[in-house]
Amino acid sequence: MAENKEEDVKLGANKFRETQPLGTSAQTDKDYKEPPPAPLFEPGELSSWSFYRAGIAEFMATFLFLYITILTVMGLKRSDSLCSSVGIQGIAWAFGGMIFALVYCTAGISGGHINPAVTLGLFLARKLSLTRSVFYIVMQCLGAICGAGVVKGFMVGPYQRLGGGANVVAPGYTIGSGLGAEIIGTFVLVYTVFSATDAKRNARDSHVPILAPLPIGFAVFLVHLATIPITGTGINPARSLGAAIIFNDKHAWRDHWIFWVGPIIGAILAAAYHQIIIRAMPFRRS
């Protein structure tokens, strides 16, 4: 009887793969085999605990991401000068460092997306089902709202006065400039995710899955260095939504569409570039 229960547990744990992306699908032998595309709908996922565990992991990761990063932004805004605070470089390190840490922690559970744009890109590449993609995005957005809400709870007055970490197009830049910055920044991030977690590279180089969080976090750091002066750097619709909802200012809502449209376009372009140009998937023989 105990043996049957143990077999059931193993079946429940392994029947539905928790995730393919972010370094968790490395081939064990050196002969590379293309993993099959994820089904569009996989109803069986809804009865698997691993599915809900992955969603909870995405919620917690995005919650922690917003909490640390928005709190860092508030600290910068409260300082009298950049010299007495972490500065823009410190903000960039906070975002990049948190992504590095959280991807490392959650990659084996949910894939460590922490970003609807990353989830969209991997869905378009057939790395996960539509069911899982929608669930991840919902949990990411809820986690971001809660993370920003906790920061506001710590500093209600300063939070509203200092902008709440919400993304807006900075004075002196056009809407087109802001949109372009978000598209290119998201492209850099999602392309890095694809490259760092490519199953073919995992089969060839055993160290790739272990190091995958590092280039992803570093890409976030570099994009923030470049685009903080333009938009405050979104490249993550959940991050922008969480800050906008808690800050709830008309100026933030006026520009908010940029931080969804830009990342969506960037993710689509990155997925297409990697799958069509780099991997040449449409041109492969079955």
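**Exercise 1. At what angle do helix α11 and helix α13 pack, and which residues make the contact?**

Solution. Start with the two axes: helix α11 (residues 237-247) and helix α13 (residues 258-278) pack at about 175°, and their axes are 9 Å apart. Axes here are lines fitted to C-alpha atoms, for helices over the stretch in contact, with angles running from 0 to 180 degrees between N-to-C directions. Next, put a word to the angle: α11 is roughly antiparallel to α13. (Angles under 35 degrees count as roughly parallel, over 145 as roughly antiparallel, 65 to 115 as roughly perpendicular and the rest as oblique.) Now pick out the residues: α11 brings P237, S240 and L241, while α13 brings F259, W260 and P263. Contact means heavy atoms within 4.5 Å. Finally, sort them by class: five are nonpolar, one is polar and none is charged. For the classes, Ala, Val, Leu, Ile, Met, Phe, Trp, Tyr, Cys and Pro count as nonpolar, Asp, Glu, Lys and Arg as charged, and the others, Gly among them, as polar.

A word on the ground rules before going on. This is a predicted model, where local features need pLDDT of at least 70 and side-chain atom pairs count only at pLDDT 80 or more, while totals for chains, interfaces and linings use all residues. Residues are numbered from 1 along each chain as its sequence is written, and side-chain values use heavy atoms, with hydrogens and water left out.

**Exercise 2. How many helices and strands does the chain have?**

Solution. Go through the elements from the N terminus: they run α-α-α-α-α-α-α-α-α-α-α-α-α. That comes to 13 helices and zero strands. (Helices, H or I with at least four residues, and strands, E with at least two, are DSSP runs numbered from the N terminus.) Then look at burial: 51% of the 286 residues count as buried. Buried means under 20% relative accessible area, exposed over 50%, and partly exposed in between, with a 1.4 Å probe and protein chains only. As for contacts with a separation of 6 or more, 81% come from residues 24 or more positions apart.

**Exercise 3. Which residues of helix α4 are buried, and what covers them?**

Solution. First, list the buried ones in α4: P116, A117, V118, T119, G121, L122 and F123. With seven of the nine residues of helix α4 (residues 116-124) buried, this helix is largely enclosed by the rest of the structure. Then look at the cover, which includes α5, α7, α11 and α13.

One residue of α7 leads back to this spot. T186 is found in helix α7 (residues 175-196) and is buried at a relative accessible area of 0%. Setting aside neighbours within four places in sequence, T186 is in contact with A117, I235, G262, P263, G266 and A267.

**Exercise 4. Which side chains meet E45 and D255 in salt bridges?**

Solution. Count them up: there are two salt bridges. (A salt bridge is a side-chain nitrogen of Lys or Arg within 4 Å of a carboxyl oxygen of Asp or Glu.)

Take E45 to begin with: its side chain meets that of R132, at 3.1 Å from N to O. E45 sits in the loop between α1 (2-14) and α2 (49-78) and R132 in helix α5 (residues 130-154), so the pair ties together parts that are 87 residues apart in sequence. E45 is buried at 3% relative accessible area, and R132 is buried too, at 2%.

Then D255: this residue pairs with R254, with the closest N and O atoms 3.5 Å apart. D255 is buried at 2%, whereas R254 is exposed at 53%.

**Exercise 5. Which residues in the loop between α10 and α11 have a positive phi without being glycine?**

Solution. T233 has a phi of about 65° and is not a glycine. T233 lies in the loop between α10 (213-231) and α11, and is buried at 0% relative accessible area. I235 shows a positive phi of about 45°, again without being a glycine. I235 lies in the loop between α10 and α11 and counts as buried at 2%.

**Exercise 6. Where is G164 found, and is it buried or exposed?**

Solution. Place G164 in the loop between α6 (156-161) and α7. With a relative accessible area of 0%, G164 is buried. Leaving out neighbours within four places in sequence, its contacts are I70, M74, Y159, A243 and F247. For F247, compare the two separations: 83 residues in sequence and 5.3 Å in space, C-alpha to C-alpha.
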